[in-house]
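Biologist: Could you take me through one part of this assembly in detail, namely the place where two of its chains meet? I would like a connected account rather than a list.

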Amino acid sequence: MNIRPLYDRVVVRRKEEEATSAGGIILSGSAKEKPNQGEVVAVGEGKVLDNGEVRALSVKVGDQIIFGPYAGNNTVNVDGEELIIMSEGEIFGVIA
Amino acid sequence: MNIRPLYDRVVVRRKEEEATSAGGIILSGSAKEKPNQGEVVAVGEGKVLDNGEVRALSVKVGDQIIFGPYAGNNTVNVDGEELIIMSEGEIFGVIA
Amino acid sequence: MNIRPLYDRVVVRRKEEEATSAGGIILSGSAKEKPNQGEVVAVGEGKVLDNGEVRALSVKVGDQIIFGPYAGNNTVNVDGEELIIMSEGEIFGVIA
Amino acid sequence: MNIRPLYDRVVVRRKEEEATSAGGIILSGSAKEKPNQGEVVAVGEGKVLDNGEVRALSVKVGDQIIFGPYAGNNTVNVDGEELIIMSEGEIFGVIA
Amino acid sequence: MNIRPLYDRVVVRRKEEEATSAGGIILSGSAKEKPNQGEVVAVGEGKVLDNGEVRALSVKVGDQIIFGPYAGNNTVNVDGEELIIMSEGEIFGVIA
Amino acid sequence: MNIRPLYDRVVVRRKEEEATSAGGIILSGSAKEKPNQGEVVAVGEGKVLDNGEVRALSVKVGDQIIFGPYAGNNTVNVDGEELIIMSEGEIFGVIA
Amino acid sequence: MNIRPLYDRVVVRRKEEEATSAGGIILSGSAKEKPNQGEVVAVGEGKVLDNGEVRALSVKVGDQIIFGPYAGNNTVNVDGEELIIMSEGEIFGVIA
């Protein structure tokens, strides 16, 4: 069972909590409880611009991303697993 | 008796409450009382963009959708059944 | 004596209050006192878009409509009858 | 002594208070003290749209209008008479 | 010593306070202490529209204007005289 | 050591405090402690408009300017001197 | 391990705290605890304008920048080092 997000929305599997290792990337700052990092599992068809053009998203399935402190609020249980639905604008960057 | 929603509005039949089964999709987070999931029963003619173009909606009648926590506030009783009227922008995704 | 509403405004005669019958459509939710349903009695010339184009409204005189909970606040007494003036954007849908 | 309102502004002479007669139009609702009705005595040159175009107003001098509950706040004394200056967007409709 | 206001800003010399005479124009309403009326002494080069076009202002030097109740807050002392700097959008109209 | 401000930002050296002389320009009103006047020492490359065009600023290095009461909040110490960084939109006018 | 910021976002390594030296640039004002200065270590692909065009950023990797008082809130630990992710609009200027 899958979710097709609409427009500029993205479905993200949050990275499991872990101790901070030397080489890990852990978001600090205003939201420290859970790692604000995860993997993109589905992306929308694109963002509709003011001129009617649909612009494909910059992230793709499989990308490891870092997201903002409030991006993790909307979660969905899919087959017993909790996933996050966020707008691409809430994603800070992709881990390269 | 039917409702034709205007522009980018959508009429949704909310999924009945149920116990969380292993394969079900239940929205958790800020609104846990009722499942924020349902079936699209009518869609508007499309969203009017700034340039005057009318863009058809991305969801269609019969789609099983997940919607945001505040999308279920405007309800209508049609022939004794409670339906929800929301904007397409309040829909997170379609269950595929 | 009639009112010609400006631009995207619409004049609506509210449906009289009634007991909820099996086949009736009664808006529930945040505004339950009066039925948020009525008949369009006059429509504006259209909405002025950013590009200067005037877009005709989607509703027409005689349509039975459902409107949002705050759409009924601006009322006018015309020949002893109370009518509502609202923007088309406050209309949820047309009863078909 | 006259006022030439700028752009989409309109100068309105408020209708005198009166008892509600059967055929009169009295705005009820959130502002009941004074009739929110009046006559247009001067109109601006038009509204400047985003594309630089100036769009002439829809109301003209002599129109009997109904305006919103907060439209009457900015008043001017011209030759001893109190007049209202409002934007055309605060006008609900024209009495036909 | 003069001020060249930027873009859509205007420099205004406020009319001196006076008793209300029969033929005078005094702004009443929310700001009664000082007359919200004055003479334009300098105008900016014009307002920059979204499309990059610069649109010349509608008021010109020497115009006697009426302005909104909050337009008089930013004052400047030039050679011992207090002048007001406001945006043209805060001007209600020109006395003709 | 210099600062190149980005886009529509401007670096300003605030005029030193002084007693109000007959020919001086002192901003009065809501911010009286320090003179809201200064000299432009660096300007950005221009403002990016919605259509992608970069519009050069209206002020230039050396201009004596008057700025709004909140424009002086962001200060930088450069080689021991405090300078202000503001957007051009916070500048009221140029002293001519 | 690197981060590729999205769109108009920038990754910044904050300058270490130091005593204020005569030739140093220290941001004073509303945020005095840490220097609001740093080095750009990664830039996004550009800002998407309303017309769909992607505009490359004005800052580049290696630039020494000054940023606004609230720009340092979103930090990320990369290989044990704390970095800041901000939008380019939060950057005041580049040290030349």
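**The interface of chain B and chain A**

Modeller: In this predicted model, chain B and chain A bury about 2100 Å² between them, and 49% of that area lies on carbon and sulfur atoms. The contact draws on 28 residues from chain B and 24 residues from chain A. As for polar interactions, nine residue pairs are in polar contact between chain B and chain A, counting pairs with both residues at pLDDT 80 or more, while the rule for salt bridges finds zero across this interface.

On the side of chain B that touches chain A, the elements that give two or more residues are strand E3 (25-27) and strand E10 (91-95) of chain B. Of these, E10(B) supplies the largest share, with five residues. Sorted by class, the side of chain B that touches chain A holds 15 nonpolar residues, eight polar residues and five charged residues.

The strand E10(B) also pairs across the chain boundary: strand E1 of chain A, residues 3-5, runs antiparallel to E10(B), and three bridges join the two strands. One of the residue pairings can be named, since A:Ile3 has B:Ile95 in E10(B) as its bridge partner.

Turning to how two other chains are related, chain D is superposed on chain C by a rotation of 51° with 0.0 Å of shift along its axis, at an RMSD of 0.0 Å. These copies nevertheless use different surfaces, for 7% of the contact residues of chain D recur in chain C.

Methods. Residues are numbered from 1 along each chain as its sequence is written. Chains are lettered from A and ligands numbered from 1 in the order in which they are written. This is a predicted model: local features need pLDDT of at least 70, side-chain atom pairs count only at pLDDT 80 or more; totals for chains, interfaces and linings use all residues. Side-chain values use heavy atoms; hydrogens and water are left out. Copies are superposed by least squares on the C-alpha atoms of residues with pLDDT of at least 70 in both. Contact means heavy atoms within 4.5 Å. Buried area is the accessible area (1.4 Å probe) that two parts lose on being put together, summed over both. A salt bridge is a side-chain nitrogen of Lys or Arg within 4 Å of a carboxyl oxygen of Asp or Glu. A polar contact is a pair of N or O atoms within 3.5 Å; within protein, one must be able to donate a hydrogen and the other to accept it, and residues adjacent in sequence count only if both atoms are side-chain atoms. Helices (H or I, at least four residues) and strands (E, at least two) are DSSP runs, numbered from the N terminus. Ala, Val, Leu, Ile, Met, Phe, Trp, Tyr, Cys and Pro count as nonpolar, Asp, Glu, Lys and Arg as charged, and the others, Gly among them, as polar. Two strands pair if DSSP finds at least two bridges between them.
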